[in-house]
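Please open the model in a viewer and keep the sequence at hand. The tour below proceeds by selection, from one residue outward.

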Amino acid sequence: MKIYLPLLAFVLLLLSACSKEDDSSATTNIPQASKKELLTAKPWKYKSWTVAPGLKDSLGNTFTDYYAYLPQCEKDDIITFATTGSVTIDEGSSKCDANDPQEQISVWSFSNNEGKLNMGGFAYNITTLTSTEMVLTFTDLQGSTTVNHTITFKN
């Protein structure tokens with residue numbers, strides 16, 4: 001047993017040294033996607049929308065899950081950002097009003113050193129932007145209360 005313990009320690013030391021060296025060299029050569037590339041790579045759909053503090057529904061109940069109150073015709077919307085600065089909002093498979101066009105086109109841009117996404121006349125703070133998830137936040141006034149909105153998109 002005494003012979004195996006030093007041998008085991010040597011093998012573990014060798015493996016940990018090799019993996020650290022391999023890991024650092026592999027990650028330094030991978031280019032990171034820009035925010036524009038992440039935003040425009042794939043279409044986006046709603047995943048969640050929360051509010052804080054909570055809002056009151058028509059029955060006087062307080063809620064924080066704003067997404068649950070969105071009609072299905074909005075939940076299935078598809079948002080596509082083009083590299084040219086246009087954004088297309090597709091109504092998806094269901095429309096809220098049959099007379100609405102299937103697609104609406106607007107413009108988008110970054111501001112505040114790419115910390116804000118401007119779209120359709122609104123500025124959203126970018127909390128997270130990865131290849132699979134985008135989290136935008138904004139505030140608005142409901143009466144005299146400032147409400148913080150957090151919208152999460154997936155693609």
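Begin by selecting Ala 52, which is placed in strand β1 (residues 45-56). The coordinates belong to a predicted model. Ala 52 is partly exposed, its relative accessible area being 39%. Next, add Thr 146, Val 147 and Asn 148 to the selection: Ala 52 touches these residues, when residues up to four places away in sequence are not counted. Then select Thr 64, which is 12 residues from Ala 52 in sequence; the C-alpha to C-alpha separation of the two in space is 6.3 Å.

Move now to the cysteines. The structure holds 1 disulfide, and it joins Cys 73 to Cys 96 with an S to S distance of 1.9 Å. The torsion about the S-S bond of Cys 73 and Cys 96 is about 90 degrees, so the disulfide is right-handed. Cys 73 lies in helix α4 (residues 72-75), whereas Cys 96 lies in the loop between β4 (86-90) and β5 (103-111), so the pair ties together parts that are 23 residues apart in sequence. Is each partner buried or exposed? Cys 73 is buried because its relative accessible area of 13% is under 20%. Cys 96, at 43% relative accessibility, counts as partly exposed.

Finally, colour the chain by pLDDT. The mean for the protein chain is 86, and 82% of its residues reach 70 or more. Among the elements, strand β3 (residues 78-81) has the highest mean pLDDT, 98, and helix α1 (residues 4-28) the lowest, 45. Over residues 1-22 the pLDDT is below 50, and this stretch has 0 contacts in the model beyond near neighbours in sequence.

How values were computed:
Residues are numbered from 1 along each chain as its sequence is written. This is a predicted model: local features need pLDDT of at least 70, side-chain atom pairs count only at pLDDT 80 or more; totals for chains, interfaces and linings use all residues. Side-chain values use heavy atoms; hydrogens and water are left out. pLDDT is the predictor's confidence in each residue, from 0 to 100. Helices (H or I, at least four residues) and strands (E, at least two) are DSSP runs, numbered from the N terminus. Contact means heavy atoms within 4.5 Å. A disulfide is a pair of cysteine sulfur atoms within 2.5 Å. Buried means under 20% relative accessible area, exposed over 50%, partly exposed in between (1.4 Å probe, protein chains only).
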